[in-house]
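Please find below a short note for discussion. The points are best read alongside the displayed coordinates.

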Amino acid sequence: MTMQTNQATSIFVDVEKCVDAIIAKVGKKIVFGMPLGLGKPNHLANALYLRAKKDPSIHLRIMTALSLEVPKGSSDLEKTFLKPFAERIWGDYPALAYLADLSSNKLPPNVEVSEFFMKAGVFLNNVVEQQNYISSNFTHIARDMLENGVNVLAQIVCKKEINGETFFSLSCNPDVSPTIVPMLRELEKNTGYRCAIIAEVNNNLPFMYHDAMVPVSTFDMVIDNPVYDYTLFSTPNMTVDMADFMIGMNVSTLIKDGGTLQIGIGSLGDAIAYSIILRDKQNDKYKWVVDDLKILEKSGELVNRIGGTGPFAQGLYGSSEMFVNGFLELYKSGILRRKVYGHAVIQRLLNEGRITEQVTPQMLEDLVVFEAIGQRLTPADVDFLLAYGIFKPEVRLVEGVLRVGELTIDPNLANDVSLKLIIENCLGDRLKGGILMHGGFFLGPRSFYDFLRNMSEEDNKQICMTTVDNVNHLYGDQELKTLQRKDGRFVNTCLMVTLTGGVISDGLEDGRVVSGVGGQYNFVSMAHALQDGRLIMMLNSHRVKDGVATSNIVWNYGHMTIPRILRDIVVTEYGIANLRSKSDKEIIAELLNIADSRFQEELLAKAKEAGKIPMDYQIPERYRHNTPEMLEAKLAEYRKADLFPPFPFGNDFTPEELVIGKALKGLKAKMSHKVGTMAGGIFHAIQGVEVSEKALPYLKRMNLDHPVTFKDKIVQSLLLAELRSEERRVGKECRSRW
């Protein structure tokens, strides 16, 4: 995939000079488009925003998604805890100036921010963000930006010299730019539309090839100065809790060997990746857990038909709008190893088992039979055979004959003599150009970026960062995409599910947006379009707020993201509900089986009241014990067998921070019931509290080893009490640290 280029590219070492050039080219009405997540050019964004903030004659509209912010904490304790951690992890990452003002409702009147996707829950009570939100499928972002008059487009890139020519890599975000840039160039050419395409170089980015690689001339302006190579925003691995691990286990049984996987970021993605690795590497333990959770007893017919519980003999291929750390862990474990190829005939032959990646004489015959090449090889045929490693790289077609060194061969595969010479002298060893992972953008922990940066070029090229138009739907080369994405399992997360199969993922019934649709609908649609595809929607069965539990499986809801006509598979920590092609009464029964048992009878009563399930229906006994306590007891047994560690793929926290983090979480929960907790803290602060040597490292980390103010003494007392409580909870493990 190529982006249309501009003949004259201006290079800037000063971001302010670039802002001057932008205004000179497009004027003072600027609609500034940036990628979601990591790809934002923070220095340019800040310079543009601060210029507009000082100059009211500039009208600036920022269009983007998922603006990232280093966490600071809300309470004094959280701020003290996070400050050293943030400095260590995010280093000199420049905060987005507009985001700080947006969060505090202090945007100037000449600046507007419109996001397509927001960090989940952060802007629920921000009226400006809520009013300016644009609901759109990921594949429609380019169109919608254009409709809103985007005239400045910018992102961070990295650069590399290849064969004497400098190339840029869109790296983390080739998701939208290769789609919208040609549109802007066409407008510029045909209507005189004034626009500016800008790259801000940040060589901390991993250089990615294929569709992410573009010439410098793609851009009108390039900001290239090592002082702008800021620390990439990372998402540290967080703990995976019991519910997420159990969801991950259930999902892992639905993944078919030799199939295709799409997952997202966060603890659920990590839980799925961990469970898939457990299935492959420790299959006996995996099957023990599957049996103990009674997954096959409850859903064995579905698992045996579309998934499995055995190791991955063929491996998996990843196709996901987001290339997340879970995919990298699957790659490191050798599970992400099913390669796909950019030619429909090759892919079909691989799928059908007629060929393997090993080049053989039979492969040549099959390519002729399926009309990928002719019997008399043309220049195009030879280029094709060279591109995929079927011919050795030294083979050439010159003046109508094949040349290999001094040998010349008539390129006629129908001639037995010529065919024998071609087989003996021209065939390569293995297919080349295979792709293990297609992704639209990436975001992950520091270790994720480090690994990508340190990959060999050969290994790196097995990952193709590309557009969401390519990844998120089947349009454009549908035959090839369908062949590549065989047995696709598209795994998404939602907030709630109605008892008749509707899905709530992005907002609340009062109209407020929690996050955004992103690419979810695209994957829902694709799962139904592919004959062997399945959609897996995950959610925790319940949520807890202020100590009160509420079911996430609900009778109905005043907002819907995915209508129930597109229902498929729903997974909670209690099991799998197969909803595809089922009647309403069957759907209700399936979802009741995976609901938290505290809410099952109430939900069943509502279904009966509405006449949607027989009045004499009862939830089977084996599904009536879905409680957190039951799963926590099971998880404790699994952890005795060294399974389901809290951080399955490592973490960025120090040992002290891990202990303090748990203590702060417990303290925060208790502080929601302030009276007793505070009274105890005040009493101990007045009486004085003994601090043991083993507690000092934790208190020093929180600047509470020598409290001076009465407030600090109270906080020290509360924290010490929680640390002791944490010690009692984790027993020997914690004592060994103390």
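Which strands and helix do the buried residues of H1 pack against? The points below take this up, for what is a predicted model.

1. The buried residues of helix H1 pack against one helix, H2 (42-54), and against strands S1 (10-12), S2 (29-33), S5 (152-162), S7 (196-201) and S9 (221-223). Those buried residues of H1 are Val-15, Cys-18, Val-19, Ala-21, Ile-22, Ile-23 and Val-26.

2. Helix H1 covers residues 15-26, 12 residues in total. Its first and last C-alpha atoms are 17 Å apart, close to the 16 Å expected at 1.5 Å a residue.

3. Both ends of H1 merit a remark. At the N-terminal end, Asp-14 acts as the cap, with a side-chain oxygen 2.9 Å from the backbone nitrogen of Glu-16. After H1 comes Gly-27, which has a positive phi, near 95°.

4. Aromatic pairs number 23 in the structure. Phe-85, Trp-90, Tyr-93, Tyr-230, Phe-233, Phe-647 and Phe-653 are linked by ring pairs into a cluster.

5. Two lysines have their charged ends over rings. That of Lys-160 sits over Phe-207, 5.6 Å from the ring centre, while that of Lys-461 sits over Tyr-209, 5.0 Å from the ring centre.

6. As to confidence, the mean pLDDT of the chain is 93, and 94% of the residues score at least 70. Residues 675-687 have pLDDT below 50, yet this stretch makes 21 contacts in the model beyond near neighbours in sequence. Residues 730-738 are likewise below 50, with 11 such contacts. Where pLDDT is low, predicted coordinates should not be read in detail.

Terms used: Residues numbered from 1 in each chain as written. Predicted model: local features only at pLDDT ≥ 70, side-chain atom pairs only at ≥ 80, totals over all residues. Heavy atoms only, no water. Helix = DSSP H or I, 4+ residues; strand = E, 2+ residues; numbered from the N terminus. Expected span 1.5 Å × (residues − 1). Buried < 20%, exposed > 50% of the residue type's maximum accessible area, 1.4 Å probe, protein only. Contact = heavy atoms within 4.5 Å. Polar contact = N/O pair within 3.5 Å; in protein donor to acceptor, adjacent residues only side chain to side chain. Phe/Tyr/Trp six-rings, centres within 6.5 Å; stacked < 30°, edge-to-face > 60°. Lys NZ or Arg CZ within 6 Å of the ring centre and 35° of its normal. pLDDT = per-residue confidence, 0-100.
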